[in-house]
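Here are my comments on the model you sent, set out as numbered points. Please read them with the coordinates open.

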Amino acid sequence: ESNNNIGTANTGIFGVVNGGQLNATSDVDVFRFNLTQSAALGIKFTLPTGASNNSFTIKVKDSFGDVIF
């Protein structure tokens, strides 16, 4: 996949499900959302069969790359 960093991130669309698939614990999926006003973001993550909760990390970053969640 080519969406492993902010430069090649998939552009997410509000109001629809934006999905991806992680194929290994080393895989990274990045989504970019362009905001013009306040918005709510919901994240649903389903662990692959046999994976443990500590195998994956979800981060939300601002436009400067700082982690905000």
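1. Phe45 has a relative accessibility of 36% and therefore counts as partly exposed, since that class lies between the limits of 20% and 50%. The structure is a predicted model, and the remarks on this residue and on those that follow should be read with that in mind.

2. The aromatic pairs deserve a joint look, and the count of such pairs comes to 2. In one of them, the rings of Phe14 and Phe33 have centres 5.1 Å apart and planes at 50 degrees, so the pair is classed as tilted. This pair links distant parts of the chain, with Phe14 in the loop between β1 and β2 and Phe33 in the segment after β2, 19 residues apart. As for solvent exposure, Phe14 is partly exposed because its relative accessibility is 38%, and Phe33, with a relative accessible area of 27%, is also partly exposed.

3. Phe45, the subject of the opening point, forms an aromatic pair with Phe56, and this pair is tilted, with 5.3 Å from centre to centre and 55 degrees between the planes. Phe45 and Phe56 each lie in the segment after β2, so the pair ties together parts that are 11 residues apart in sequence. How do the two partners stand in accessibility, buried or partly exposed? Phe45 is partly exposed at 36%, whereas Phe56 is buried, because its relative accessible area is 16% and the limit for that class is under 20%.

4. At the level of the whole chain, the secondary structure comes to 0 helices and 2 strands. The C-alpha trace spans about 40 × 20 × 20 Å along its principal axes. Buried residues make up 10% of the 69 residues in the chain, and the accessible surface comes to about 5800 Å², of which 51% belongs to carbon and sulfur atoms. Among the contacts with a separation of 6 or more, 25% are accounted for by residues 24 or more positions apart.

5. On charge, the chain carries 4 positive and 5 negative charges, and the mean positions of the two sets are 3 Å apart.

6. Asn3 is worth inspecting as a buried position, a class that follows because its relative accessible area is 4%. Asn3 is placed in the segment before β1, the strand that covers 10–11. Which residues does Asn3 contact, leaving aside its neighbours within four places in sequence? The contacts of Asn3 are with Thr8, Ala9, Asn10, Val28, Asp29 and Val30.

7. Two further positions in the segment after β2 can be checked by their C-alpha distances. Ala51 is found in that segment, which follows the strand at 31–32, and at 28% relative accessibility Ala51 counts as partly exposed. The C-alpha atom of Ala51 is separated by 9.0 Å from that of Thr25, a residue 26 places away along the chain. Gly42, which is also placed in the segment after β2, is exposed, because its relative accessible area of 66% is over the limit of 50%. Between Gly42 and Val17 the separation in sequence is 25 residues, and the distance in space is 9.8 Å, C-alpha to C-alpha.

Technical notes:
Residues numbered from 1 in each chain as written. Predicted model: local features only at pLDDT ≥ 70, side-chain atom pairs only at ≥ 80, totals over all residues. Heavy atoms only, no water. Helix = DSSP H or I, 4+ residues; strand = E, 2+ residues; numbered from the N terminus. Buried < 20%, exposed > 50% of the residue type's maximum accessible area, 1.4 Å probe, protein only. Contact = heavy atoms within 4.5 Å. Areas by Shrake-Rupley, 256 points an atom, 1.4 Å probe, with all protein chains shown as cover. Lys, Arg positive; Asp, Glu negative; His and termini not counted. Charge placed at Lys NZ, Arg CZ, Asp CG, Glu CD. Phe/Tyr/Trp six-rings, centres within 6.5 Å; stacked < 30°, edge-to-face > 60°.
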